[in-house]
Amino acid sequence: MLMSVPDDRRSDEEESVDEHRMLPELVAHLRQHRTELREDWARRIEASHLLHAMTPQEIGSETSSVYDNYVEVLETGSVDALQRYARDLSERIIPRGVETDEVVGIVLLLRDVLARSLFQKYQDDFALLNRVLDAYEPAANRIANTVAVSFVEERERIIREQQDAIRELSTPVLQVRERLLILPIIGVLDAQRATQLTDQLLRGIRIHRAKVVVVDITGVADIDTSVANHLVKTVDASRLMGASVIITGLSSDIAQTLVRIGVDLSKMNTIGDLQGGIEEAERQLGFRVIRPEQG
């Protein structure tokens, strides 16, 4: 005779129903005890020496907003509002020096503070506590992951913008007169920067309808083979856009490098210094310098 044995395992459907039933009760508890839980969280943040770049007033304001967003995600299951807030928060605090581990740390602290509160509330009913945690933990982990990813993405975006701004400042394309541009290069000229300055130069040629460009590399100590070849390609690309290129300020080391690696020097118009390069450019453009005494 076969006897049926109760199966303690719960189906996914049963767990989903239980989660939907438990979450409203969980959200109501967190909202009812919002003040003391948020204050406990803020104290733990201070004790852990997180967000040290922010004032206590700022921490109080941000923890209130994060707490409310946290509970809203638990209630609705949607992280869209949290993602927007996390990006906005990141944009404000990243320039203050707040690091990724600090943001992840405060979110994990909040997760733990709320979990402790649940333990206290349901400590007399272990089975119910397990069901509450089964509903809470996946949502809490999803929130922590959402905030961390949003912060990292925003941080990377800010870093890219800063790098682009630095590159723009380090390789300015200057118009000194009609149809004449100067590109002074200072510092290390690697492959990435060489590509970036080529883009800037070609864009400048198109915008200013330049006919002659003086590229001054007096401030460049050395270049490698790939950069040297890229420089030749930049000259060719400029010619295709209707502008001739004059290279000025070659050091003896760079000149020897160009010869050693076999760069086609016939494609490069080189002048000793920037002043000589500008004079040659003006000659090509048909300008003539007249001294005052010559009237």
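Colleague: Which element supplies the largest share of the lining of the second largest cavity?
Modeller: This is a predicted model, where local features need pLDDT (the predictor's confidence in each residue, from 0 to 100) of at least 70, side-chain atom pairs count only at pLDDT 80 or more, and totals for chains, interfaces and linings use all residues. Residues are numbered from 1 along each chain as its sequence is written, and side-chain values use heavy atoms, with hydrogens and water left out. On a 1 Å grid over the protein atoms alone, a cavity is a set of points where a 1.4 Å probe fits but cannot get out, and lining residues have an atom within 4 Å of a point. Helices (DSSP runs of H or I, at least four residues) and strands (runs of E, at least two) are numbered from the N terminus, and at least two lining residues come from each of α3, α4 and α5, the largest share, three residues, being from α3.

Colleague: What is the volume of the second largest cavity?
Modeller: Its lining includes Leu51, Met54, Glu62 and Thr63. Grid points are joined across faces, edges and corners, and a volume is the space filled by probe spheres set on the points. For the second largest cavity this comes to about 50 Å³.

Colleague: How many residues lining the largest cavity are nonpolar?
Modeller: Ala, Val, Leu, Ile, Met, Phe, Trp, Tyr, Cys and Pro count as nonpolar, Asp, Glu, Lys and Arg as charged, and the others, Gly among them, as polar. The lining consists of Val66, Leu82, Tyr85, Ala86, Leu89, Val103, Ile106, Val107 and Val147. No polar and no charged residues appear in it, and the nonpolar ones number nine.

Colleague: Which helix gives the largest share of the lining of the largest cavity?
Modeller: The space inside this cavity is about 70 Å³. At least two lining residues come from each of α4 (80–93) and α5. The largest share, four residues, is from α4.

Colleague: Which element gives the most residues to the lining of the largest pocket?
Modeller: A pocket is an open set of points with protein on both sides within 12 Å along at least five of seven lines. Among the lining residues of the largest pocket are Ala42, Arg43, Ile45 and Glu46. Two elements, α2 (34–47) and α3 (56–76), give two or more residues each. With four residues, the most comes from α2.

Colleague: How many charged residues line the second largest pocket?
Modeller: Its lining includes Glu36, Asp40, Arg44, Arg116 and Lys121. Elements with two or more residues there are α2 and α5 (100–121), and α5 has the largest share, with five. By class the lining has two nonpolar and four polar residues, while the charged ones number five.

Colleague: What are the volumes of the largest and the second largest pocket?
Modeller: The largest pocket has a lining of seven nonpolar, three polar and two charged residues. Its volume is about 190 Å³. The second largest pocket holds about 160 Å³.

Colleague: Where is the confidence highest in the protein?
Modeller: The mean pLDDT is 82, with 88% of residues at 70 or more. Helix α1 (residues 12–32) is lowest, at a mean of 71, and the highest value, 93, belongs to strand β4 (residues 244–248).

Colleague: Over which residues is the pLDDT below 50?
Modeller: Where pLDDT is low, the predicted coordinates should not be read in detail. The stretch in question has five contacts (heavy atoms within 4.5 Å) in the model beyond near neighbours in sequence. It covers residues 1–10.
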